[in-house]
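This report goes through the packing, the aromatic pairs, the strand pairing and the backbone of one protein model. Please keep the sequence and the structure open while reading.

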Amino acid sequence: SEGFATYFTHLFIEHAYGRDEFLAGLRADRDAIREFDAKNPDYRIIHDNLSDMSQVLSSAGTYKKGAWTLHMLRGLIGDTAFWSGIREYYRRYRDGNAATEDFRRAMEEASGRDLGWFFDQWLTRGGLLKLRARWSWDPAAKAVRLEVEQLPPGAPFRMPIEVSLEVAGEVVPRTAKIEVRSRKETLAIPMDRAPRSLILDPRTFVLMDAEAAPAPSPS
């Protein structure tokens, strides 16, 4: 509920003041989540058997990360399915009680997708995605090769991520999508020309720290 309140505040700010202010709020929340997670690496939005119930809520760990989870869900399933699911969830449970599983089912029905992995990942474990990516152009394969490494300890995250590729002579960057799943992996993006630059998550839809740079040239 607090994640909803926080995210919908950001959405009103976007409506009233524009997308730049909306993104500034999300990025400020991301910074707070990162700082909180460094001090509380095992804190989860959904807890089991807390011994100290005063810890059930946290400004960064519950409010802000809850808001980011909704934002990532929107990016994952798209605006149409997201808002359809939100309206149906509200219709079903208005003036009543609901649990996380009820919300998940509403969003799965709206999107036609299994979202169990997403809800488990972002609500029942701590942390955020931390990536280091190195990219290179493979002219023989006509593809950009991305060598991606997830940096945090523990199980790797699974997450689709948009990639923006700027090509010389084109006004609008090309957009592709990758999905990270493993600690280290090499992914390929078909391209007919070498890109000048590569940006991970250009629309700011993933709670992560990411560094992307060209791979060093072989000596």
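Does Tyr89 count as buried or exposed at its relative accessibility? Tyr89 counts as buried, because its relative accessibility is 18% and the cut-off for buried is under 20%. The model discussed here is predicted.

## Aromatic pairs

Tyr89 shares helix α4 with Tyr93, four residues away, or about one turn of the helix. At 22% relative accessibility, Tyr93 counts as partly exposed. The ring centres of Tyr89 and Tyr93 are 5.5 Å apart with the planes at 55°, so this pair is tilted. A pair of aromatic rings is described by the distance of the centres and the angle of the planes.

In total there are 14 aromatic pairs. Phe8 and Trp83 make up an edge-to-face pair, with 5.8 Å from centre to centre and 85° between the planes. Phe8 belongs to helix α1 (residues 2–17) and Trp83 to helix α4 (residues 79–93), so their pair ties together parts that are 75 residues apart in sequence. Both rings are partly exposed: Phe8 has a relative accessibility of 31%, and Trp83 has a relative accessible area of 22%. One aromatic cluster includes Phe8, Trp83, Tyr89 and Tyr93, with Phe4, Tyr7, Phe22 and Trp117 also among its members.

## Charges over rings

Two arginines are placed over aromatic faces. Arg125 lies over the face of Phe157, 3.8 Å from the ring centre. Arg158 lies over the face of Trp117, at 4.0 Å from the ring centre, and Trp117 is one of the residues of the aromatic cluster.

## Nonpolar core

In soluble globular proteins, nonpolar side chains tend to be buried together. The largest nonpolar core of this model has 51 residues, and those touching the most other members are Leu73, Phe118, Leu129, Leu146, Ile161, Ile178 and Val180. Helix α3 (residues 59–77) supplies the largest share of this core, seven residues.

Which residues does Leu129 touch, leaving out those up to four places away in sequence? The contacts of Leu129 are Trp122, Gln150, Phe157, Met159, Ile161, Val180, Val206, Leu207, Met208 and Asp209. Among these, Ile161 and Val180 are listed with Leu129 as core residues that touch the most other members.

## The four-stranded sheet

Strands of a sheet pair through backbone hydrogen bonds, either parallel or antiparallel. One open sheet has four strands in the order β5-β2-β1-β7, and its pairing is mixed. Strands β5 (184–190) and β7 (208–214) are at the edges, each pairing on one side only. On average, neighbouring strands of this sheet are turned by 25° against each other, direction ignored.

Strand β1 (residues 129–138) runs antiparallel to strand β2 (residues 143–150), and eight bridges join them. Within this pairing, Arg134 has Glu147 of β2 as its bridge partner. β2 is also antiparallel to β5, through seven bridges, with Ala143 standing opposite Pro190 in β5.

In a regular strand the side chains alternate between the two faces of the sheet. β5 has a covered face made of Glu185, Leu187 and Ile189, while Lys184, Thr186, Ala188 and Pro190 are on its uncovered face.

## Strand β3 and its partners

Strand β3 (residues 159–166) is mostly covered, with seven of its eight residues buried. An antiparallel pairing of seven bridges connects β3 to strand β4 (residues 174–180), where Pro160 stands opposite Glu179 of β4.

β3 also pairs with strand β6 (residues 197–200), again in the antiparallel sense, over four bridges. The bridge partner of Glu166 in β6 is Ser197.

## Backbone exceptions

Most residues other than glycine have a negative phi, and most peptide bonds are trans. Asp95 has a positive phi of about 65° although it is not a glycine. Asp95 is in the loop between α4 and α5 (100–111) and is exposed, with a relative accessible area of 79%.

Thr204 also has a positive phi, near 60°, and is a residue other than glycine. Its place is in the loop between β6 and β7. Is Thr204 buried or exposed? Thr204 counts as buried, at 6% relative accessibility.

Technical notes
Residues are numbered from 1 along each chain as its sequence is written. This is a predicted model: local features need pLDDT of at least 70, side-chain atom pairs count only at pLDDT 80 or more; totals for chains, interfaces and linings use all residues. Side-chain values use heavy atoms; hydrogens and water are left out. A nonpolar core is a set of buried Ala, Val, Leu, Ile, Met, Phe, Trp, Tyr and Cys residues joined through side-chain atoms within 4.5 Å. Buried means under 20% relative accessible area, exposed over 50%, partly exposed in between (1.4 Å probe, protein chains only). Helices (H or I, at least four residues) and strands (E, at least two) are DSSP runs, numbered from the N terminus. Contact means heavy atoms within 4.5 Å. Rings of Phe, Tyr and Trp (its six-membered ring) pair if their centres lie within 6.5 Å; planes under 30 degrees apart count as stacked, over 60 as edge-to-face and the rest as tilted. A charge sits over a ring if NZ of Lys or CZ of Arg is within 6 Å of the ring centre and within 35 degrees of the ring normal. Two strands pair if DSSP finds at least two bridges between them. Axes are lines fitted to C-alpha atoms, for helices over the stretch in contact, and angles run from 0 to 180 degrees between N-to-C directions.
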